Amino acid sequence: MHDEMALEIFPAATVRLVNLSWGNYLQKAFQHLKSLGKLQRKNGTEALIQKFKDARPSSFHHSVRVARFARSTGRAFGFDDARLKQLSYTAVLHDVGKMFVPERVLSLPRKPTRAELFLLHLHPSFGALLASYFNLPPELRVRTEHHHERWDGRGYPHKLGGEDIPFMARIVQVADTYDAMVSDPSRPYREPRTHDEAVRELHREEGKQFDPRVIEAFLDSFPSGLGKKVREQ
Ligand SMILES: [Fe+2]
């Protein structure tokens, strides 16, 4: 069964969903979060973090780990405290749009179907929408929206490439991918990789998925040049 629903994205995208119950689910979730966002506009960032933590604890804990890696990378770039704080918020909230993706789709014991993948790929746009509802700073909304773009311009949702992708989003991408490879329990069908395997995979994607400068800084941030050692093998 097919259903079309208008979502309030850019400014009125129509999303074709393959399952009517998902349409109903999303419509209810949007209404609920929009009303919550209206109540929380004064301190929207902290309120949204709390909602995310309650609604999707496993995605939230992954995001906290991503924030730790991202901050270390930011330090390697010489970020001051104010920029490190912004980077932390960017990392903690990068996947906040997963609040609109049903839990059962987030924790599938197998690879997602095409329809499930379609829904998963909407999460950066959902995140941007939530950032608007909760009155977050515009730059935070933009970084959330673009954290799945690729350096080579083949990512989503807008196929931005190179330096058109916000810098902090590029840092979060690398930290996010590394943590997803070594410790993200939301993909039980995939064996976790060792640190060395994950670093090799990051190098393979250097200049394709990732900004090479960010990979360099990310690896520099590990103690005792752990990342460098893998590269030299
Ligand atoms: Fe994401």
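The questions below ask what supports the terms used for this predicted model and its iron ion. Local features need pLDDT of at least 70 and side-chain atom pairs count only at pLDDT 80 or more, while totals for chains, interfaces and linings use all residues. Residues are numbered from 1 along each chain as its sequence is written, and side-chain values use heavy atoms, with hydrogens and water left out.

Q: What makes Asp95, His123, His147 and His148 donors of the iron ion?
A: A donor is an N, O or S atom within 2.8 Å of the metal (3.2 Å for Na, K and Ca), and since water is not among the atoms, sites may look incomplete. Asp95 (OD), His123 (NE2), His147 (NE2) and His148 (NE2) lie 2.0 to 2.2 Å from the iron ion, so they count as its protein donors.

Q: Why is the arrangement around the iron ion called irregular?
A: Four donors are tetrahedral if all angles lie between 85 and 135 degrees, and square planar if opposite donors are over 155 degrees apart and all others between 65 and 115, as for six donors called octahedral; anything else is irregular. Here the four donor atoms subtend angles of 86 to 177°, which makes the arrangement irregular.

Q: Why is Asp95 called buried?
A: Buried means under 20% relative accessible area, exposed over 50%, and partly exposed in between (1.4 Å probe, protein chains only). Asp95 has 2% relative accessibility and therefore counts as buried, and His147, at 3%, counts as buried too.
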